[in-house]
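Me: I'm new to this one. Could you walk me through why things get the labels they do?

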Amino acid sequence: MRTTWSFHTATRLTFGPGAVDQLGEILAARAIERLVILTDQNLVAAGVAERVRASIEAAGVAVETFSDGEAEPSVPCALEAIDCAGRFEPQAVLGLGGGSNMDLAKITAAVLAHGGSPSDYFGFDRIPGPVLPVISVPTTAGTGSEVSHSAVLTDTERQLKVSTLSNYLRPSIALVDPELTDTCPRQVRADAGIDALVHAIEAYTAVDYHALELPPGEKSAYEGRFPLGECLAEKAIELIGRHLVAAVNDEGHREARDGMALAATLAGMAFSNCGVALVHALEYPIGGALHCSHGAGNGLLLPYVMRFNLPVRQRAFARIAALLGEDVNGLSEAEAAERAIEAVRRIRRQIGIPERLRDIGATPIQIPLFAEKSYGIARLRWVNPRPATNQDLRDILKSAF
Ligand SMILES: [Fe+2]
């Protein structure tokens, strides 16, 4: 039985409205003189890329911008980014955007430091040493990539999202400026926000760190649930319960947006240490095949996976219900735990997340294949609090159909 746990996050986190204006002095303090920004056309059109670039150039740092990042980036997109960045010979890589661009920056930093191609590093702990410093500047509140050790690409040939995980991928600097989320479209805000809720709930209900069992010779990318991770997840769930619906539906609600930016980062700290589990395992093949966003797929699946885990996480679910704003006074623990699933369904409905797999184009014939591919993602399965067989995964997907 394990008796210890470890916690990792970004080396520096600077948080708050206007934080982006500090970028120049942060880079100067680290003697970074050449920097590449990885972003996308939407952020160029919205003027966000220019705002970040101006803040950096004001400090005398030479900047190159790659602006062809894409949602759920493919391996060819990553190769293009690496090629563009490599020609500029930067000292650091800045990912500006949602998880997609921030993940692209991590992969680019790894390949520029160690050569080869992205697929050489797929999986856990295959990056041999430190990568170029990564600076993450999120423009959505959700993925937690600004503090996490993972980068996800889409393998279009195998129709699967593939993760690269390594503590070397943790950003050197996470700069979270909630004002940068102001241009984020409504549905992206919803999808990213529900992803943060999934992160927090999967971390909060993960297998306990001392009970995480691995096959002989295997290493885990995650620790399982431990006290510091629980604190962070709990605070994230509370903030999401208070702010997500308003941040999505209430145009210009500053307090809600600031709250969601903090929640997403806290959830990122929690899940990238404790772990994510079956929701993410099931979403990877579904997102890869049906091209729904990561957040929408996760949000769709969350209540069904919660139903599966409920028997072994009743107390945690009862607490989640209260954190999400349900009135659980006078309820038994079992009744309160049920309310957690109801609360998630309510939030999902209020922000327009699809509720059934058939709503996003799935067909019944795909279920066994989705289950099999999910089952193959062992590192996520190990973290789930209740062991799941291939048949269990099929049953969860049938209930979600
Ligand atoms: Fe996620």
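Reply: Sure, here come some salt bridges, then a pair of packed helices. This is a predicted model, where local features need pLDDT of at least 70, side-chain atom pairs count only at pLDDT 80 or more, and totals for chains, interfaces and linings use all residues. Residues are numbered from 1 along each chain as its sequence is written, and side-chain values use heavy atoms, with hydrogens and water left out.

Me: What makes D208 and R313 a salt bridge?

Reply: The term asks for a side-chain nitrogen of Lys or Arg within 4 Å of a carboxyl oxygen of Asp or Glu. The closest N and O atoms of D208 and R313 are 3.4 Å apart, so the pair qualifies. D208 sits in the loop between α6 (186-204) and α7 (227-249), and R313 in the loop between α10 (294-309) and α11 (314-323), 105 residues apart. Helices here are DSSP runs (H or I, at least four residues), numbered from the N terminus.

Me: Why is R313 called buried?

Reply: Buried means under 20% relative accessible area, exposed over 50%, and partly exposed in between (1.4 Å probe, protein chains only). R313 has 11%, so it is buried.

Me: How do you know which label fits R254 and D258, buried or partly exposed?

Reply: R254 has a relative accessible area of 30%, so it is partly exposed. D258, at 22%, gets that label too. Their side chains form a salt bridge, with 3.2 Å from N to O. Both belong to helix α8 (residues 254-274), 4 residues apart, or about one turn of the helix. They also join D182, E251 and R257 in a network of salt bridges.

Me: What makes E342 and R339 a salt bridge?

Reply: Their N to O distance is 3.9 Å, so it falls within the 4 Å limit. Both lie in helix α12 (residues 333-350), 3 residues apart. The structure holds 18 salt bridges.

Me: Why is α4 called oblique to α5?

Reply: Helix α4 (residues 75-88) and helix α5 (residues 99-114) pack at about 60 degrees, with axes 9 Å apart. Angles under 35 degrees are roughly parallel, over 145 roughly antiparallel, 65 to 115 roughly perpendicular, and the rest oblique. The angle matches none of the named ranges, so α4 is oblique to α5.

Me: Which residues of α4 and α5 meet?

Reply: Contact means heavy atoms within 4.5 Å. Among those meeting are A81 and I82 in α4, and L104 and I107 in α5.

Methods: Helix = DSSP H or I, 4+ residues; strand = E, 2+ residues; numbered from the N terminus. Axes fitted to C-alpha atoms, helices over the stretch in contact; angles between N-to-C directions.
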